[in-house]
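Dear colleague,

Please find below the structure that I am handing over to you. The notes that follow it set out what was found, beginning with a single contact and moving outward from there.

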Amino acid sequence: MGVVVGGVILDKSVVLASDSPLHESPSLQPVADSLLRKLRHSKIPTGISYDLGLSDDKDLLGKNQQMATGNSVVTVGYVMKPSREEDFAKRGAFPLYPTQNGLIFMPLTFELPLSPQLQEFDIVLHKATDEIISIELKSCTNFSHRIVYTSGMQDLQRYLEDHPDCCVIDSFNNIYPVLDRLEIQEILLRLEDLKTEGRSTIRGPHFLKVDSFKEPDLLQRLSEAKLSLPSIVKPQVACGVANAHNMAIIFRNEDFKDLSVPLPAVVQEYVDHSSTLYKFYVLGEKVFYAVKKSTPNADILMKLSESNGLKPLVFDSLKSLPTAKEDQHYGDGNCSKATNSCVDLDLVTDAANWLRGVLDLTIFGFDVVIQEGTCDHVIVDVNYLPSFKEVPDDIAIPAFWEAIKKKFELKRSK
């Protein structure tokens, strides 16, 4: 368990550059900017200790307030890319002071030895996919052996393997299925278990793995997989490498042979869904969702592509695609169906709980579209540790903290 402080006094040598010319405003140390941002986002009173002879303009942060101590907190060490960390921190997710349920968050750095840092943490929160160098799908069958992480993430992985009692959100082994689009599609096939008379169907899209777009029997295999045009083609690797989001929508069979989507790939059913996407977020036992505009139905896409000779629509899924006018709102798993007459929230919540059990993940998200005509609820994407920023911070962040704390308490009880 950690120690809590209500304020921080920093020595000038930690914050200010020693080579600032006399009579000029001081400059910050290279590492100070990140430190001060974390303190600011945490709203921790901060001051700088300096000699009496130093001019007042070097008191950049003002006087510190009264400090307080305690020992009933749980320390969460986290590691992810700086831009993601900044996004979470600006929303108040990583405070250096205790949260309402007794968590404090400290950054884990690969620039210092890991073991001394990890010994100070009760929980490790990571976004391992931010530290992937490469993924090779053709070399072996064990997915964990195909991923090459940075040296720092490899060190963290070894430490966690050597210390199984350490509470981690989430286990490396548990995130592998969501890195592999083929594996997650095969898992979604088992949603058949949730099928109940009188309810809509929730399922994954029809799909087919393709190792070469020039396979002589490709069209027959597509037909056997219940795939018709248009179809969407995605790399099998779901994230962590530069081209994982390079996709295409295919309108003509003859265009497969020259397709530039990385192989192996997954050809997936394109579902007409009235340009509406439901983004669901699972934070421990709580489920939230946001409604966003999405890509148009197939007939509209085809009209948009006619000017280009119906050539494949190639895109990066992290960037914009043709959508209807932006319109989004959020809800939680306890909302009545009246708020969104098209979506069966009870059905999707059941699927969320089922996925949480199957994947054994604490924090993850998935996207649902509702097929026109059949009202099938189709899960088209699954990811772990999403930003969930479509949900208001005053609702999402406490749920985020609660999910982490409950995972720690469950681990400790075992």
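**Asp367 and its surroundings**

The side chains of Asp367 and Lys279 are joined by a polar contact of 3.0 Å. Please bear in mind that this is a predicted model. Asp367 belongs to strand β18, which covers residues 363–370. Is Asp367 buried or exposed? Its relative accessible area is 9%, so Asp367 is buried, the cut-off being under 20%. Apart from neighbours within four places in sequence, Asp367 is in contact with Leu277, Tyr278, Lys279, Val378, Ile379, Val380 and Asp381. Asp367 and Phe280 are 87 residues apart along the chain, yet their C-alpha atoms are separated by 6.0 Å.

**The nonpolar cores**

Phe280 also appears in the largest nonpolar core, which has 84 residues; Phe280, Phe366, Phe400 and Ile404 are those with the most contacts inside it. Residues up to four places away in sequence being left out, Phe366 touches Tyr278, Lys279, Phe280, Val282, Val348, Ala352, Leu355, Ile379, Asp381 and Val382. There is also a second, separate core of 15 residues, and Leu208, Phe213, Val261 and Val267 are among its members. As general background, nonpolar side chains tend to be buried together in soluble globular proteins.

**Strands β11, β12, β13 and β16**

Val267 of the second core leads to the next group of strands, since Val267 in β13 stands opposite Val233. Strand β11 (residues 231–235) pairs with strand β13 (residues 265–269) in the antiparallel sense, over 5 bridges. Strand β11 also pairs with β12, again in the antiparallel sense, over 3 bridges. Within that pairing, Val233 has Ala248 of β12 as its bridge partner, and Ser231 has Ile250 of β12.

Why is β11 described as largely enclosed by the rest of the structure? The reason is that 5 of the 5 residues of β11 are buried. The cover extends to both faces: Ser231, Val233 and Pro235 are buried on one side, and Ile232 and Lys234 are buried on the other. In general, the side chains of a regular strand alternate between the two faces of the sheet.

Strand β12 (residues 246–250) is mostly covered, with 4 of its 5 residues buried. Besides its pairing with β11, β12 pairs with strand β16 (residues 313–316) in the antiparallel sense over 4 bridges. One of the bridges there has Asn246 and Asp316 of β16 as partners.

Strand β13 contains Glu269. The relative accessibility of Glu269 is 12%, and Glu269 therefore counts as buried. A polar contact of 3.0 Å links its side chain to that of Arg203. Neighbours within four places in sequence aside, Glu269 is in contact with Arg203, Pro205, His206, Leu227, Ile232 and Gln371. Ile232 in this list is also one of the buried residues of β11.

**A parallel sheet and its helices**

Elsewhere in the chain, an open sheet of 4 strands with parallel pairing has the order β4-β3-β5-β8. Which strands stand at the edges? They are β4 (103–107) and β8 (167–169); each has a single partner strand, so one side of each is left without a neighbour in the sheet. From one strand to the next, the twist averages 25 degrees. Strand β3 (residues 74–79) runs parallel to β4 and is joined to β4 by 5 bridges; among the partners are Val76 and Phe105 of β4. Helix α5 (residues 151–162) packs on this sheet and touches β3, β5 (123–126) and β8. The direction of α5 makes about 145 degrees with that of β5.

Helix α6 (residues 172–179) is mostly covered, with 7 of its 8 residues buried. The buried residues are Phe172, Asn174, Ile175, Tyr176, Pro177, Val178 and Leu179. At the start of α6, a side-chain oxygen of Ser171 comes to within 3.2 Å of the backbone nitrogen of Asn173.

**Confidence in the model**

The chain has a mean pLDDT of 83, and 76% of its residues reach 70 or more. Over residues 53–70, pLDDT stays under 50, and the model has 36 contacts beyond four places in sequence for this stretch. Residues 333–340 also stay under 50 in pLDDT, with 15 contacts beyond four places in sequence.

With kind regards

Terms used. Residues are numbered from 1 along each chain as its sequence is written. This is a predicted model: local features need pLDDT of at least 70, side-chain atom pairs count only at pLDDT 80 or more; totals for chains, interfaces and linings use all residues. Side-chain values use heavy atoms; hydrogens and water are left out. A nonpolar core is a set of buried Ala, Val, Leu, Ile, Met, Phe, Trp, Tyr and Cys residues joined through side-chain atoms within 4.5 Å. Buried means under 20% relative accessible area, exposed over 50%, partly exposed in between (1.4 Å probe, protein chains only). Contact means heavy atoms within 4.5 Å. Helices (H or I, at least four residues) and strands (E, at least two) are DSSP runs, numbered from the N terminus. A polar contact is a pair of N or O atoms within 3.5 Å; within protein, one must be able to donate a hydrogen and the other to accept it, and residues adjacent in sequence count only if both atoms are side-chain atoms. Two strands pair if DSSP finds at least two bridges between them. pLDDT is the predictor's confidence in each residue, from 0 to 100. Axes are lines fitted to C-alpha atoms, for helices over the stretch in contact, and angles run from 0 to 180 degrees between N-to-C directions.
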